[in-house]
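I open this notebook to record a few local checks on backbone geometry, strand pairing and burial. The entries are kept short and follow the order in which I looked things up.

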Amino acid sequence: KTMEDVQKHSVHTLIFRSLKRTHDLFVSNQGNLPDFDDHLEKVRRSIKARDIYGSVLDRANQAMHAKKLAIQNGDPERPLAITDGSPNAAAAELSMSAAEGGNGASLVRYTRGGVATGGKEKPNSSSIGTTSLVRASMPGNSAGNSNVQLIPKKAPSIPKPKWHAPWKLSRVISGHLGWVRCIAVEPGNEWFATGAGDRVIKIWDLASGKLKLSLTGHVSTVRGVAVSAKHPYLFSCGEDRQVKCWDLEYNKVIRHYHGHLSAVYSLALHPTIDVLATSGRDSTARIWDMRTKANVHTLTGHTNTVASVVAQATKPQIITGSHDSTVRLWDLAAGKSLCTLTNHKKSVRSIVLHPSLYMFASASPDNIKQWRCPDGNFVQNISGHTAIVNCMAANTDGVLASGGDNGTMFFWDWRTGYNFQRFQAPVQPGSMDSEAGIFAMCFDQSGTRLITAEADKTIKVYKEDDEASEETHPVNWRPELLKRRKF
């Protein structure tokens, strides 16, 4: 090949190809253990024995020496007995065994070849020279090992994505006079609440889309709402640094949680304990006692706006995503960071918990990443949503939806990261195209309706297309393209 041919590829491509070749070369036998070396094993054991038991090794040698002398002098192997180790006890034990004589002594004698009871040996053919019941096929045993070596392991295949029906717009709800910034569906699935740039929280009927109630009280944009499953309370937070608790029986604010030094961008209710978590532009997340209004913990560690906070009943109970491009997992009891995930290269604006799997996803403009709880082990990248991803939602059916700052919506299969649908949400008539932007989204409690909050001041409700089938919307799945992910 000429020099010009070689230089056509970038260094990145060449390294990627080299990595792929190496992977393909070794993938078939990566599970096999290395050959067993007796000499190395003996050396390893002797080093370990000297290191750990060096101070008492001479005693063991003396005991071994005494045992050898006893065998040479014709002293029979002693039956095992539990004594306190004193010479008197040993003498008593010997006299006892002599008194019992040969009439089926209850003590069991241990021999290398088998088990002897009452002086009569019963050799166990399968365990000669060992105490194990099953013959172990050691890697050094060529007969047992050759058949393992001959079968090449199949390269791990990528699972085929599950088919999901495409989603379509079913209703557009207008009523807010500013950007709609947040949504929460109540546990009974009858209504949902939205907060917006017009400083109003509105309660909507989920079935009809009609306005039920408007709550005023915030003096700046409302950025987060959450409905309690255990109390008739609605919680809200906003850019006015306020966190409010509304009693929905009286439609009044009954508690304020003071402490944030700047705008509060996100809030989450703990599912089992009466605490709420809020996070905001002061680079902290705060844990509040719902009843006493006390600031139980201030979770510090992020170096920029904490844009998203979620809470769950199992460890890690609090997860935060920040504009400093990290995701942190927190120990709620201690109020300390358990671990920091630094894989993202850009701001993390959204965290979503999977409703049934013990997993969560984090969204950033570089890609969406999936993680496994409780330690935050990386699962996979979901690439393709190139916009700034403001929000995500997941349902039990395995659908992950993501909404972008430019109004694009992507639907993914959670398990495989396959993008089965994408579209640009149409803007409200009279709005500019540049006003397309999705700020928040959530599934209702059944997972069959997706509600989005948008920059054209509307709330859009999407549902699955009932008429679609696998024939009309086939899975266009090409794993060889999927696997070429960017590092």
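The entries below concern a predicted model.

**Entry 1: a helix and its end.** I began with helix H4, residues 57-72. I took 1.5 Å a residue for its 16 residues, which gives an expected span of 22 Å. I then read the distance between the end C-alpha atoms as 23 Å, so the two values agree. Just after H4, I noted that Gly-74 has a positive phi of about 85°.

**Entry 2: an open sheet.** I next traced a sheet of 4 strands, which is open and runs in the order S5-S6-S7-S8 with antiparallel pairing. Its edge strands are S5 (180-185) and S8 (211-216), each of which pairs on one side only. On average, neighbouring strands of this sheet are turned by 20° against each other, with direction ignored. Within the sheet I looked up the pair formed by S6 (residues 191-196) and S7 (residues 200-205), and found 5 bridges between these antiparallel strands. One of the residues I followed was Ala-193, whose bridge partner in S7 is Ile-203.

**Entry 3: cis peptide bonds.** I recorded a cis peptide bond from Lys-315 to Pro-316, with omega near -10°. Pro-316 belongs to the loop between strand S17 (306-311) and strand S18 (318-322). I recorded another cis bond between Cys-373 and Pro-374, where omega is about 0°. Pro-374 sits in the loop between strand S23 (368-372) and strand S24 (377-382).

**Entry 4: positive phi outside glycine.** Lys-293 is not a glycine, yet I read a positive phi of about 70° for it. I located Lys-293 in the loop between strand S15 (285-289) and strand S16 (295-299). Its relative accessible area is 41%, so I entered Lys-293 as partly exposed. Ser-325, also not a glycine, has a positive phi of about 70°. I placed Ser-325 in the loop between S18 and strand S19 (327-331). Is Ser-325 buried or exposed? I entered Ser-325 as buried because its relative accessible area is 14%, and the cut-off for buried is under 20%.

**Entry 5: surroundings of Gln-421.** I closed with Gln-421, which lies in strand S28 (residues 419-424). Its relative accessible area is 14%, and therefore I noted Gln-421 as buried. What does the side chain of Gln-421 reach? I found the backbone nitrogen of Trp-167 at 2.6 Å from that side chain. Setting aside neighbours within four places in sequence, I listed the contacts of Gln-421 as Pro-166, Trp-167, Met-409, Phe-410 and Phe-411.

Key:
Residues are numbered from 1 along each chain as its sequence is written. This is a predicted model: local features need pLDDT of at least 70, side-chain atom pairs count only at pLDDT 80 or more; totals for chains, interfaces and linings use all residues. Side-chain values use heavy atoms; hydrogens and water are left out. Helices (H or I, at least four residues) and strands (E, at least two) are DSSP runs, numbered from the N terminus. Buried means under 20% relative accessible area, exposed over 50%, partly exposed in between (1.4 Å probe, protein chains only). A polar contact is a pair of N or O atoms within 3.5 Å; within protein, one must be able to donate a hydrogen and the other to accept it, and residues adjacent in sequence count only if both atoms are side-chain atoms. Contact means heavy atoms within 4.5 Å. Two strands pair if DSSP finds at least two bridges between them. Axes are lines fitted to C-alpha atoms, for helices over the stretch in contact, and angles run from 0 to 180 degrees between N-to-C directions. The expected span of a helix is 1.5 Å times one less than its number of residues.
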